[in-house]
Amino acid sequence: SEEQTPLSLQETEELMIALLKSVGVQLIDPRLALAVWQNASGRPLFVAEVTRLLRNSIGGAEPLAAVQGDLLVPVSFDVTTQEPRLPPLPDTMTGFVRARIDRLSVELQLVLKMASAVHTLVCSKALT
């Protein structure tokens, strides 16, 4: 499979803004954009996941970010490094996919399992 080209810092910020427009964000605090870019290694799917988790934390019991006007700012910092705290990401793409599947309803998880079984059956028949 072809590897995706990592996003630049600017592209990461643009993707984050696009994903956060629904909550009024038009700008990202540079410290937060840099932390997301570094944490996700520029991988678009991981940038999107971190951004989704940041958005979901807004206004929560333990927020990691807040919207001030049209600016997304970090509100939680690492005590040692003073860098913005980010939600943890799975270490592998498999872990990432599993985490996303775990958020689906039980019904949708069953549909995925059935589709996977059908795919496996069709592929094994095609090979024989």
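These are my notebook entries on the helices and the nonpolar core of this chain.

**Overview.** I am working from a predicted model, so I kept to its rule that local features need pLDDT of at least 70. I looked up the elements and found 5 helices and 3 strands in the chain. Reading from the N terminus, I noted the order α-β-α-α-β-β-α-α. I then checked burial: 27% of the 128 residues in the chain are buried. For the surface, I got about 8600 Å² exposed, with carbon and sulfur atoms supplying 59% of it. I also looked at contacts between residues at least 6 apart in sequence, and 59% of these join residues at least 24 apart.

**Helix α1.** I started with residues 9–20, the 12 residues of α1. From first C-alpha to last, α1 reaches 17 Å, close to the 16 Å expected at 1.5 Å a residue. Which residues of α1 are buried? I found T12, M16, I17 and L20. Looking down the axis of α1, I see these buried residues fall within an arc of 135°, so they line one face of the helix. Q10 and A18, on the other side of α1, are exposed. Next I asked what the buried residues of α1 pack against. My list has β1 (27–28), α2 (30–40), α3 (44–57) and β3 (71–74).

**Helix α3.** I went on to α3, which has 14 residues. It reaches 20 Å from its first C-alpha to its last, close to the 20 Å expected at 1.5 Å a residue. I wrote down its buried residues as P44, F46, V47, E49, V50, T51, R52, L54 and S57. The charged names E49 and R52 are on that buried list too. After α3 I came to G59, and its phi is positive, near 75°.

**The core.** I pulled up the largest nonpolar core, which has 20 residues. Which members touch the most other members? I have M16, I28, L32, V36, L54, L72 and L86. As for who supplies this core, α1, α2 and α3 each give at least two residues. α2 gives the most, with 5 residues.

**L54 up close.** I picked L54 because I wanted one core member in detail, and L54 is also among the buried residues of α3. Leaving aside neighbours within four places in sequence, I found L54 in contact with M16, L32, V36, L64, A65, L86 and P87. M16 from that contact list is also one of the buried residues of α1. So are the contacts of L54 tied to the core list? M16, L32, V36 and L86 appear there as well.

How values were computed:
Residues numbered from 1 in each chain as written. Predicted model: local features only at pLDDT ≥ 70, side-chain atom pairs only at ≥ 80, totals over all residues. Heavy atoms only, no water. Helix = DSSP H or I, 4+ residues; strand = E, 2+ residues; numbered from the N terminus. Expected span 1.5 Å × (residues − 1). Buried < 20%, exposed > 50% of the residue type's maximum accessible area, 1.4 Å probe, protein only. Arc of directions from axis to C-beta. Contact = heavy atoms within 4.5 Å. Areas by Shrake-Rupley, 256 points an atom, 1.4 Å probe, with all protein chains shown as cover. Core = buried A, V, L, I, M, F, W, Y, C linked by side-chain atoms within 4.5 Å.
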